[in-house]
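Here are a few exercises to work through with the model open beside you. Try each task before you read its solution.

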Amino acid sequence: MVFFFIFGYIYNLYLMLKRLLYLFMLFSFFKGYSQENESGTKLAYHSFSFSPSAVYTDGNSLGPSFSGDLRFSYQNNIFAVGAEGGAEYFAIFPGSDDAYYELNVYYGREFRIYKRLYADVFGGLGYVDIRTYEEIYNEANGSYKNTDVFYSTIGVPLTIVVRGMLKRGFSIGLKFHVNLNPDRVIFSTGLHLQFTRKSRSPYK
């Protein structure tokens, strides 16, 4: 029995990593496409960022999460598309295999706090898919049955990143993310790595 729960947990992580891989491929395409656009007065590729090590909670579950986003800038405005997903850490135990993923679009700004220290603030709209494990009451025999339940809804993602700008457009920091949706509030935080296009970075 434990084997099947471990397998399910690994499979959930595989699906999330596959979605992030698609995002990385999209990033590579847009990066190559936008090399000719060097003007800050035109919409162009700005940066790519991801969180390889984060943790999420929705009040009922706790586990690792992963995320990535692709950003474009127009003057001082930043537009982004991103994906995030997580699976409950204790999913190897019976009765506990919550998981989720998000697909979001954002609008935001970056603010210089002090020299190379920056804060990025984003808000947006997106799709949220939540999988949870619930006891469903069977009226026919008066018993409860444990089953997977799926929720798909629209959410409002809010993200704050505090990062230090290093050399060659590379930044490292902390990401704080919350998704507000009708089913539950999902919060995640973790390491943030960002690669900013040199022409859009104040530090080369």
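## Exercise 1: Two tyrosines

Tyr 100 is buried, with a relative accessible area of 3%. Keep in mind that you're looking at a predicted model.

**Task.** Find out how Tyr 56 and Tyr 100 pair up, and which strands the pair ties together.

**Solution.**
- Step 1: Start with the surroundings of the partner. Tyr 56 has a relative accessibility of 2%, so this residue counts as buried, the cut-off being under 20%.
- Step 2: Look at the rings. A pair of aromatic rings is described by the distance of the centres and the angle of the planes.
- Step 3: Bring in the values, starting with the search of the whole structure, which turns up seven aromatic pairs. One of them is Phe 50 with Phe 195, a stacked pair at 6.4 Å centre to centre, with 10° between the planes. Here Phe 50 belongs to strand β1 and Phe 195 to strand β8 (residues 185-196), so the pair links parts of the chain 145 residues apart.
- Step 4: Check exposure for these two. Phe 50 is partly exposed at 22% relative accessibility, and Phe 195 is partly exposed too, at 38%.
- Step 5: Now back to the tyrosines. Tyr 56 and Tyr 100 make a tilted pair, 4.7 Å centre to centre and 55° between the planes. Tyr 56 sits in strand β1 and Tyr 100 in strand β4, so the pair ties together parts 44 residues apart in sequence.

## Exercise 2: An aromatic cluster

**Task.** Which residues form one aromatic cluster with Phe 50?

**Solution.**
- Step 1: Go to Phe 50 and pick out its stacked partner, Phe 195.
- Step 2: Add Phe 48 and Phe 170, and you have the cluster: Phe 48, Phe 50, Phe 170 and Phe 195.

## Exercise 3: Loops worth a look

**Task.** Where are Gln 75 and Lys 115 found, and what is the sign of phi at each?

**Solution.**
- Step 1: Recall the background. Most residues other than glycine have a negative phi.
- Step 2: Take Gln 75, in the loop between β2 and β3 (77-87). Its phi is positive, about 55°, although Gln 75 is not a glycine. Gln 75 counts as partly exposed, at 49% relative accessibility.
- Step 3: Take Lys 115, in the loop between β4 (99-114) and β5 (117-138). Lys 115 isn't a glycine either, yet its phi is positive at about 50°. With 53% relative accessibility, Lys 115 counts as exposed.

**Task.** How far apart are Gly 59 and Arg 184, in sequence and in space?

**Solution.**
- Step 1: Find Gly 59 in the loop between β1 (44-57) and β2. Gly 59 is exposed, with 68% relative accessibility.
- Step 2: Jump to Arg 184. The two are 125 residues apart in sequence and 8.3 Å apart in space, C-alpha to C-alpha.

## Exercise 4: The largest cavity

**Task.** What lines the largest cavity, and which strands supply at least two of its lining residues?

**Solution.**
- Step 1: Count first. There are five cavities of 30 Å³ or more, and the largest cavity holds about 70 Å³ of space.
- Step 2: List the lining: Ser 49, Asp 69, Arg 71, Ala 80, Tyr 106, Phe 122, Thr 159, Val 161, Lys 175 and His 192.
- Step 3: Sort these lining residues by type. You get four nonpolar, three polar and three charged.
- Step 4: Match the lining to strands. β2 (62-74) and β6 (143-165) each supply at least two residues.

Notes
Residues numbered from 1 in each chain as written. Predicted model: local features only at pLDDT ≥ 70, side-chain atom pairs only at ≥ 80, totals over all residues. Heavy atoms only, no water. 1 Å grid on protein atoms, 1.4 Å probe; cavity = no way out; pocket = protein on both sides within 12 Å on 5 of 7 lines; lining within 4 Å. Points joined across faces, edges and corners; volume = space filled by probe spheres on them. Helix = DSSP H or I, 4+ residues; strand = E, 2+ residues; numbered from the N terminus. Nonpolar A, V, L, I, M, F, W, Y, C, P; charged D, E, K, R; others polar. Buried < 20%, exposed > 50% of the residue type's maximum accessible area, 1.4 Å probe, protein only. Phe/Tyr/Trp six-rings, centres within 6.5 Å; stacked < 30°, edge-to-face > 60°.
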